[in-house]
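Student: Hi, I've just opened this one and could use a walk through it. Can we go bit by bit?

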Amino acid sequence: MSNAPPTILPLPLSFAAKVDYATGDGPISVSSTDVNNDMLSYRWQMIGRPIGSGAVLTSSTAVKPMFNADLTGDYSITLIVNDGMADSAVVTIKVTATAN
């Protein structure tokens, strides 16, 4: 059987979540699958955040990284999953931090 790239769920390839600026943090969670049952690795990257924010991901390779939403506004994070042979499609996650 030839290798198939892993899949990140849920699709579409962009989705949004909201967090409360007062509490600020929480895990970023998606599901990923591989039809070949290969071991998966993760590449997360924060590609956008409010001006003045110092937010960073706790890990770029964890299954469920976290970050502190230190300002209200939009945070954009990408994820690519790899099965050792092929990359998934890039998923962009938009997290909006709002004030209570």
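**A first walk through the chain**

Tutor: Sure, and let's start at one spot: Met39 sits in the loop between β4 and β5. Keep in mind that this is a predicted model.

Student: Is Met39 buried or exposed?

Tutor: Met39 is exposed, because its relative accessible area is 75% and anything over 50% gets that label.

Student: OK, and which residues is Met39 in contact with, leaving aside its neighbours within four places in sequence?

Tutor: With those neighbours set aside, Met39 has contacts with Asn82, Asp83 and Gly84. Take Asn82: along the chain, Met39 and Asn82 are 43 residues apart, yet their C-alpha atoms are separated by 8.4 Å.

Student: Anything else to look at in that loop?

Tutor: Try Asn37, which also has its place in the loop between β4 (31-33) and β5. Asn37 isn't a glycine, but it has a positive phi of about 60°. Asn37 counts as exposed, with 69% relative accessibility.

Student: Let me zoom out. How many helices and strands does the chain have?

Tutor: Zero helices and eight strands. Reading along the sequence, you get β-β-β-β-β-β-β-β.

Student: And how much of the chain is buried?

Tutor: Of its 100 residues, 32% count as buried. The accessible surface is about 5,700 Å², and carbon and sulfur atoms hold 56% of that.

Student: What about contacts across the sequence?

Tutor: Take the contacts in the chain with a separation of 6 or more: 63% of them come from residues 24 or more positions apart.

Student: Now the strands. Which way do β5 and β7 run?

Tutor: They run antiparallel, joined by seven bridges. One place to look is Met46, whose bridge partner in β7 is Ile77.

Student: And how do β7 and β8 pair?

Tutor: In the antiparallel sense, over seven bridges. There you'll find Tyr75 opposite Val95 in β8.

Student: β7 keeps coming up. How many of its residues are buried?

Tutor: Seven of its ten residues, so β7 is mostly covered.

Student: Can you give me one to click on?

Tutor: Go for Leu79, which is in strand β7. Leu79 is buried, with a relative accessible area of 0%. Not counting residues up to four places away in sequence, Leu79 touches Ile8, Val30, Tyr42, Arg43, Trp44, Ala89, Val90 and Val91. You can also check Leu79 against Thr61: they're 18 residues apart in sequence, and 9.6 Å apart from C-alpha to C-alpha.

Student: How many residues are in the largest nonpolar core?

Tutor: That core has 17 residues, and Leu79 is among those with the most contacts inside it, along with Trp44, Met46, Phe67, Tyr75 and Ile77. As for the strands, β5 (41-48), β7 (73-82) and β8 (91-98) each supply at least two residues of this core.

Student: Why would those side chains gather like that?

Tutor: As a general tendency, nonpolar side chains in soluble globular proteins tend to be buried together.

Student: Any aromatic pairs?

Tutor: The count comes to one aromatic pair. It's made by Phe67 and Tyr75, with 5.1 Å centre to centre and 45° between the planes.

Student: Why is the pair called tilted?

Tutor: Because planes under 30 degrees apart count as stacked and those over 60 as edge-to-face, with the rest called tilted; the Phe67 and Tyr75 planes are at 45°. Both Phe67 and Tyr75 are buried.

Student: Switching to charges: how many salt bridges are there?

Tutor: Two. One is between Arg43 and Asp87, where the closest N and O atoms are 3.1 Å apart. This pair links distant parts of the chain, with Arg43 in strand β5 and Asp87 in the loop between β7 and β8, 44 residues apart.

Student: And the other?

Tutor: Lys94 forms a salt bridge with Asp74, and there the closest N and O atoms are 3.6 Å apart. It also links distant parts of the chain: Lys94 is in strand β8 and Asp74 in strand β7, 20 residues apart.

Student: How exposed are those four residues?

Tutor: Arg43 is partly exposed at 39% relative accessible area, and Asp87 is partly exposed at 36%. Lys94 counts as partly exposed at 36%, and Asp74 is partly exposed at 36% too.

Key: Residues numbered from 1 in each chain as written. Predicted model: local features only at pLDDT ≥ 70, side-chain atom pairs only at ≥ 80, totals over all residues. Heavy atoms only, no water. Phe/Tyr/Trp six-rings, centres within 6.5 Å; stacked < 30°, edge-to-face > 60°. Buried < 20%, exposed > 50% of the residue type's maximum accessible area, 1.4 Å probe, protein only. Core = buried A, V, L, I, M, F, W, Y, C linked by side-chain atoms within 4.5 Å. Helix = DSSP H or I, 4+ residues; strand = E, 2+ residues; numbered from the N terminus. Salt bridge = Lys/Arg side-chain N within 4 Å of Asp/Glu carboxyl O. Pairing = 2+ DSSP bridges. Contact = heavy atoms within 4.5 Å. Areas by Shrake-Rupley, 256 points an atom, 1.4 Å probe, with all protein chains shown as cover.
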